[in-house]
Amino acid sequence: MNSTLAILAILDGISYAALVFLVSVGLSLIFGVLRVVNVAHGSLYAFGAYLAATFSLAVAPISPWLTYPALLAASIVIGVVCGGFIERFLLRPLSGQEDVLQLLITFAAFMIMDNLQRLIWGVQPIFAAEPLRLLPNVAVFGVSYTSYQVILLPGVALATLLGLRYFLRRTLSGAVILAVTEDREASTAIGIDAKRVYFVTFVIGASLAALGGALASPTTSLVPGMGADMIVLSFAVAATAGLGQIEGTALTALMIGLTRAFVIYLQPEFEVLVPYLLMVLVLLVRPFGLFGAVQVRKI
Amino acid sequence: MSGRIKPVTAVAIIFFLVSAVAPLFVSSWATLFALILAKGIVVLGIILLLQAGQVSFGHAMFFATGAYTAAFWGKYVGGGDIVLFIALGGITSAVFGLIVGLFVVRYREIFFGMLNLAFSMVLWSLLEKMFHYTNGADGIRVPRPALLGLSFTPETFQYVILYVSLLAAVVAFYGVQRYLESPLGHMLRAIKSNETRLEYLGTSARRVLLIGYMISAFLGGIGGALVAIIQQIATPEFGFWTKSGEFVFIAILGGSAHAFGAFAGAAMFECVRFYAAAHLADTWQLILGVVLIVIILYAPNGLIGLRQRYGQAKQGGH
Amino acid sequence: MASVLLSAKGIKIRFGGVVAADGIDLDVLEGENLAIIGPNGAGKTTFLNISTGYLRPQAGSISFLGQEITAQLPRTITKLGIARAFQIPQLFLDQTVMENMLIAAASRLGSPSGFTALSALPELPEMERLLDLVGVKSYASRKARELPEGQRKLVDIALALALKPRLLLMDEPTSGVASAEKLEIMDILTSALAKEKVTSVFVEHDMDMVERYAHRVAVWNVGKIQKVGTPAEVLADPKVREQVIGI
């Protein structure tokens, strides 16, 4: 493997890791607060991607620059509408019930969304690469790459990481979320409205999944099944990091992204195997994930 | 205890009789019922683990193991017999279950579920990507096998496989019921309610769970081999996480309190899919999703819980 | 002199800053009922946890019938003949009382069957007798979940007896039982223990119970044994009266 390929692999890995991080951190955040693995998370990602494509194809004729706000708008719409619906009408009535029912109702949401997605957007691949084409290429150590993927995506991921840290550790709403994560009963006892916290957290987590999808939409063709692939991948990342670990999720996403990118260049048939093999190995040694036990503080 | 389960057993007997007789009148039901019975066998395994309070979100790996055992035999050895496929599928799966089980029985709840998922996704990736051996996503065709040396026409074969599935289902159902009422089965249920006490009685909870896990893998393998024969193909999708979710779905749909829940759930699931696919183009997943939501929200004990719930309401409903 | 059944030597354990055992030496003699008393947090339950392998001591050793059992698994120690009853009853709440008992019986017998019914175990009459002995036979076919706390406590003890132990460790056997019934239960229990030839160690707060039912008393105070003796000796000690009993 020559140095050009190595740089290409690193850049591929970083841009991929940025997207995976956005989705995984949403999943991790939701689990940290609600103790639910949201199986529909991948569908929120797929819906985010499809709606973003629809929006940006609609606004591109007016001005191609409008496609950027379109991506953001799509993720918020999906996060609030779909995420809000799932939390309010599916998960909330089940609070206090067995975990398997909560897990399974998000599985039902996954089935429904997967079906709706095919009904609404069809099964033909959709392309909406306008936002990608609009930004110039940059040269990194002599390798030309789209600045959308090596600057914008990692930038958004980094901003999300810092924003979440700031929100959770420096703001009142964040402190309330952390309090509920650490001790649900005690925080309800001191007057925290746990229902509201759950709702807000779920909507944030869902919006992050949708944002991941929206930002991914210019870089890939949208096909059925993209959501089902993404949920296991993001789950692998979140579980490997330790559910509820934000910084850990970022590092794990980077690690998996880079490993995967190198494997693609060296041994392409093992590409899909990498994250799951890593997950098995890590969980066998550290069931609480790589970063799960190190930081006592969850989230 | 035995007095209370009798109505369910009666329903089970009726169900097995119907699946033996009804397809004689409507030939398209032969395959439908065979699928219901085969999947019911897999879901029996999920119900076993649910007794111990553990949800496997990777059980499709055993289903796929059974299916691919039959497929590999056909591809690399050639020929094959239904009895051989079922036996091999079950045994290979049980051995695989023993190996995976040695790791996963150390964990509980979400960690148990996660590790199962991880193992199953590794298997899925291998099936999908080891194109040279597995034909990748296209899967491997499973040619129609013989039964104890006898070959059949496609028309007869659908009945042959139906009755083989029925026999396997009845035996599995009876065996699982016996197991759940046995000391080992009760110990399995004890893991859910008080693992500490079980250890303080001198019993290894991990060992009890490992035995349950192996049986559950064995059932998964048998079901997988049957489905591969019925559908004449094994694809990586058999081991994908959505398949695992489907099995848990069927268990909760039917009700995990009793072994018959597996077949009640499978019947509902496959019938909705069968008729929705025929009459409402491409919406069966949507309909099943809605059914599942309704069941979880309004009848969390599943279909077989409905009767008990109705009975209780009549008893104590003032 | 009676032989030594359980012997603890120099047991030490601390949790963070709390010293729960600071050099515990104690011999339990065959056939006796030994009471452990002491203020809350003195390390009484910790001693039971160490004796049954639930906790591993940082120093010291425990032997049972001359065999080293320090830091063995609870199930290994159980198999050797030490059973335990808990302060908070540990039952299989979703199963009936009789099923609870039969699971214990099947555990004791080892290599449980996966095919013949639990209710077909030949131990059934024996389990009925034990339930009768502790006075909860009428609950046999009820789910453990449906029992009131006091009755659960008795089933918990019956579960331990079902193991046919040489030594029974009980953590406050009469807490949670209405005080009017305490004497009755302890009468039943001690006569059952004598009849089954089971040695017992029990943690107790009620001095009446200790005086009435213990052959010897060990007084715990801040991780140490302050005094061991007959109930009369211990209760006569002014230091014990002041610091432990509070009179």
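I began with Gly163(A), which I found in helix α6 of chain A, the helix that spans residues 147-170. I kept in mind from the start that this is a predicted model. Is Gly163(A) buried or exposed? I counted 11 C-beta neighbours inside 10 Å, so Gly163(A) goes down as exposed, given that a residue is called exposed at 12 or fewer. I also looked up its separation from Val36(A): the two residues are 127 apart in sequence, and their C-alpha atoms are 23 Å apart in space.

Next I turned to chain B as a whole, for which I noted 13 helices and two strands. Its radius of gyration is 19 Å, close to the 20 Å that the globule rule gives for 318 residues, and I therefore entered chain B as being as compact as a globular protein of that length. Along the principal axes, the C-alpha atoms of chain B fill a box of roughly 60 × 45 × 35 Å. I recorded 58% of the 318 residues of chain B as buried. Taking the contacts in chain B between residues at least 6 apart in sequence, I found that 78% of them join residues at least 24 apart.

I then went through what chain B touches, starting with chain A, where 34 residues of chain B are in contact with 33 residues of chain A. On the chain B side, α5 (109-129), α10 (241-254) and α12 (284-298) each supply at least two residues, and α5(B) gives the most, with 12 residues. Sorting the residues on this side of chain B by class, I obtained 24 nonpolar, six polar and four charged.

For the contact between chains B and C, I listed 22 residues from chain B and 26 residues from chain C. Which elements of chain B give two or more residues to the side that touches chain C? They are α7 (154-181) and α8 (183-200) of chain B, and the largest share, 13 residues, comes from α8(B). By class, I entered eight nonpolar, nine polar and five charged residues for the side of chain B that touches chain C.

In chain C, I traced an open sheet of six strands with mixed pairing, in the order β6-β7-β8-β3-β9-β10. The edge strands, each pairing on one side only, are β6 (82-85) and β10 (224-229) of chain C. On average, and with direction ignored, neighbouring strands of this sheet are turned by 20 degrees against each other. I looked more closely at β6(C), which pairs in the parallel sense with β7 (residues 167-171) of chain C over four bridges; Arg84(C) stands opposite Leu169(C) in β7(C). Helix α1 of chain C, residues 44-51, lies across β3, β6, β7, β8 and β9 of that chain, and I noted that this helix runs at about 145 degrees to β7(C).

Last, I looked up the largest nonpolar core, which holds 296 residues. Which of them touch the most other members? I wrote down Leu104(A), Leu44(B), Ala67(B), Ala118(B), Met101(C) and Ala158(C). Helix α1 of chain A, residues 3-34, gives the most to this core, with 18 residues. Leaving out residues up to four places away in sequence, I found that Met101(C) touches Met127(C), Leu130(C), Leu131(C), Ala158(C), Leu159(C) and Ala162(C).

Methods:
Residues are numbered from 1 along each chain as its sequence is written. Chains are lettered from A and ligands numbered from 1 in the order in which they are written. This is a predicted model: local features need pLDDT of at least 70, side-chain atom pairs count only at pLDDT 80 or more; totals for chains, interfaces and linings use all residues. Two residues are in contact if their C-beta atoms, placed from the backbone, lie within 7 Å. Ala, Val, Leu, Ile, Met, Phe, Trp, Tyr, Cys and Pro count as nonpolar, Asp, Glu, Lys and Arg as charged, and the others, Gly among them, as polar. Two strands pair if DSSP finds at least two bridges between them. Axes are lines fitted to C-alpha atoms, for helices over the stretch in contact, and angles run from 0 to 180 degrees between N-to-C directions. A residue is buried if 20 or more other C-beta atoms lie within 10 Å of its own, exposed if 12 or fewer, and partly exposed in between; C-beta atoms are placed from the backbone. The radius of gyration is taken over C-alpha atoms; the globule rule is 2.2 Å times the number of residues to the power 0.38. A nonpolar core is a set of buried Ala, Val, Leu, Ile, Met, Phe, Trp, Tyr and Cys residues joined through C-beta atoms within 7 Å.
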